[in-house]
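Me: I would like to go through this structure step by step, with the reasoning set out before each result.

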Amino acid sequence: MSLARRLEAARGLDVANEDADSTSQWTASVAAPADAANPFGTRTYSNEPNEALNAVKERAGTALYERMGSRITDPSVEESELQQYVKDELRTIIEEDEIPLTLPERQRLVQEIIDDVLGLGPLERFLNDAEVTEIMVNGPDKIYVERGGKLTLTGARFSGEEHLRKIIERIVTKVGRRIDESSPLVDARLADGSRVNAIIPPLAVSGSTLTIRKFGQVPLTVSNLISLGSMSPEIAELLQACVRARLNIIVSGGTGTGKTTLLNVLSSFLPADERIVTIEDAVELQLQQEHVVRLESRPRNIEGKGEISIRDLVRNSLRMRPDRIVIGEVRGGESLDMLQAMNTGHDGSISTVHANSPRDAISRLETLVLMAGMDLPLRAIREQIASAVNLIVHISRLRDGTRRVTHVTEVQGMEGEVVTLQDAFVFDYSAGVDANGRFLGRPIPTGVRPRFVDHFVELGIPLSPTVFGSMPVGGGFR
């Protein structure tokens with residue numbers, strides 16, 4: 001049976017009575033009413049229509065490559081110009097093959113082929129969806145997305161493992177990396193800054209796995225976090241004063257809790273007349289100041305050489321006359337260099353660390369310092385931490401999917417062998433949840449004024465007297 005006849009049979013439509021707005025039944029996924037089992041309103045069809053669609057896409061894609069040749073990968077061609085050229089060529093190919101398609105079908109086919117040839121295939125629409133914050137591909141047949149902090153299985157899928165591998169290779173080759181059996185996992189980033197992790201068989205038993213954490217095009221501001229309930233106006237005022245007073249701040253939290261977003265907000269408080277050096281694994285910070293030097297680490301090349309670590313960049317930044325050092329995340333021996341910088345005149349530094357609580361953040365820093373291989377006694381490490389770090393801001397992702405600042409904690413010093421902490425704000429879980437399961441609580445002051453507030457007075461930094469409340473609600477040493 002010819003391709004055109006297969007398409008007509010797959011569509012199962014009476015052409016004479018066909019409605020102008022009808023869509024093809026061979027489409028892998030089209031608009032349909034959403035329900036609990038199918039939250040994205042997608043409709044899947046039988047294998048025969050999908051095979052017909054794949055045949056059309058493969059034929060048109062092959063013809064497109066033959067016509068355009070190396071122009072598809074030519075970096076000198078503008079993206080918009082290339083997309084328009086591809087659209088024009090695809091229309092010509094479809095018309096020459098006399099494929100019976102309605103206008104909506106033709107538009108959908110052209111867009112899907114463009115996504116496959118120039119973009120990331122079925123992932124492209126999720127990348128363009130502002131509500132999607134993370135994309136998780138568990139093999140070619142399962143694509144999950146995160147919306148509003150909740151994970152949902154979508155109706156989208158790849159045509160097979162080979163299609164998924166082609167998309168993964170397209171991502172990693174653009175950043176000069178490779179992924180194959182000898183190097184089956186890779187961290188990379190897209191052109192917009194989105195972070196990508198890919199792992200393929202034999203390490204990924206269920207098929208190639210791809211995780212994309214999207215990069216926000218418009219950075220969230222402190223007003224956004226207050227309106228979203230992530231922090232209170234009192235915390236925002238306190239943090240702004242802490243940054244202006246050049247306190248060393250650590251943002252702690254688990255994976256995906258919004259540490260980098262909060263770090264961006266804290267960075268917005270930095271004075272415009274200071275030299276700021278940012279150090280990251282993958283550039284995510286969106287500082288608006290003029291005098292910013294952005295440094296990014298580099299992994300090993302194909303020959304296993306040329307790696308530049310975060311620790312190398314931290315050491316080098318000390319020779320760059322920084323007023324502030326902002327480290328995207330400490331996860332190794334660079335934590336020792338960061339603490340030493342904080343203790344030797346580079347105050348006002350900010351960084352993040354993975355931890356489940358402020359107390360855990362201290363323990364985590366101790367462990368990371370030991371990874372530097374200096375064989376330091378534990379008390380010396382704790383003294384370094386107590387002397388260097390002034391404030392820990394802990395952010396959590398709650399069960400309702402929201403990200404909230406749950407602790408603002410002062411590091412007060414050493415008491416015996418223990419680093420002493422004092423909560424200034426804690427999240428009020430006792431407020432319960434509303435009918436939609438959203439937490440009603442907010443960070444509330446413990447009523448205890450941090451010791452560094454006296455430093456604000458010396459520097460002439462104003463702070464509302466009501467920031468910490470009038471009556472103690474809790475807190476104390478932990």
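The questions below go from the whole chain to single residues, and the model they concern is a predicted one.

Me: What percentage of the residues in the protein is buried?
Reply: The protein has 14 helices and 17 strands, and its accessible surface comes to about 23,400 Å², of which 49% belongs to carbon and sulfur atoms. A residue counts as buried when its relative accessible area is under 20%. Of the 478 residues in the protein, the buried share is 47%.

Me: Among contacts in the protein with a separation of 6 or more, what share comes from residues 24 or more positions apart?
Reply: A contact here requires heavy atoms within 4.5 Å. When the contacts with a separation of 6 or more are taken as the total, the part owed to residues 24 or more positions apart is 56%.

Me: Which helix supplies the largest share of the lining of the largest cavity?
Reply: The count comes to one cavity of 30 Å³ or more, and the space in the largest cavity is about 30 Å³. Its lining consists of Val 314, Ile 325, Ile 327, Met 338, Ala 341, Met 342 and Ser 349. Two elements, β12 (324-327) and α11 (334-343), each supply at least two of these residues. With three residues, the largest share comes from α11.

Me: How many residues of the lining of the largest cavity are nonpolar, polar and charged?
Reply: Val, Ile, Met and Ala count as nonpolar, whereas Ser falls among the polar residues. The lining includes Ser 349 alongside residues such as Val 314 and Met 338. The division is therefore six nonpolar, one polar and no charged.

Me: What span does helix α8 reach from its first C-alpha to its last?
Reply: Helix α8 covers residues 233-244, twelve residues in number, for which 16 Å is expected at 1.5 Å a residue. Its buried residues are Ile 235, Ala 236, Leu 238, Leu 239, Ala 241, Cys 242 and Val 243. The span reached by α8 is close to the expected one, at 17 Å.

Me: Is Arg 246 buried, exposed or partly exposed?
Reply: Arg 246 follows α8 and lies in the loop between α8 and β9 (249-253). Its phi is near 65°, a positive value in a residue other than glycine, and most residues other than glycine have a negative phi. Because its relative accessibility is 22%, Arg 246 counts as partly exposed.

Me: Is Asp 375 buried or exposed?
Reply: Asp 375 also has a positive phi, of about 55°, although it is not a glycine. The residue sits in the loop between α12 (358-370) and α13 (378-388). Because its relative accessibility is 74%, Asp 375 counts as exposed.

Me: Which form, cis or trans, does the peptide bond from Pro 201 to Pro 202 take?
Reply: Pro 202 is placed in the loop between β7 (195-199) and β8 (209-213). Most peptide bonds are trans. For the bond from Pro 201 to Pro 202, however, omega is near 10°, and the form is cis.

Me: What is the distance in space between Leu 118 and Leu 82, C-alpha to C-alpha?
Reply: Leu 118 belongs to helix α4 (residues 103-118). Because its relative accessible area is 13%, Leu 118 counts as buried. Leu 118 and Leu 82 are 36 residues apart in sequence, while the C-alpha to C-alpha distance is 8.8 Å.

Note on methods: Residues are numbered from 1 along each chain as its sequence is written. This is a predicted model: local features need pLDDT of at least 70, side-chain atom pairs count only at pLDDT 80 or more; totals for chains, interfaces and linings use all residues. Side-chain values use heavy atoms; hydrogens and water are left out. On a 1 Å grid over the protein atoms alone, a cavity is a set of points where a 1.4 Å probe fits but cannot get out, and a pocket is an open set with protein on both sides within 12 Å along at least five of seven lines; lining residues have an atom within 4 Å of a point. Grid points are joined across faces, edges and corners, and a volume is the space filled by probe spheres set on the points. Helices (H or I, at least four residues) and strands (E, at least two) are DSSP runs, numbered from the N terminus. Buried means under 20% relative accessible area, exposed over 50%, partly exposed in between (1.4 Å probe, protein chains only). The expected span of a helix is 1.5 Å times one less than its number of residues. Accessible areas come from the Shrake-Rupley method with a 1.4 Å probe; for residues, only the protein chains shown count as cover.
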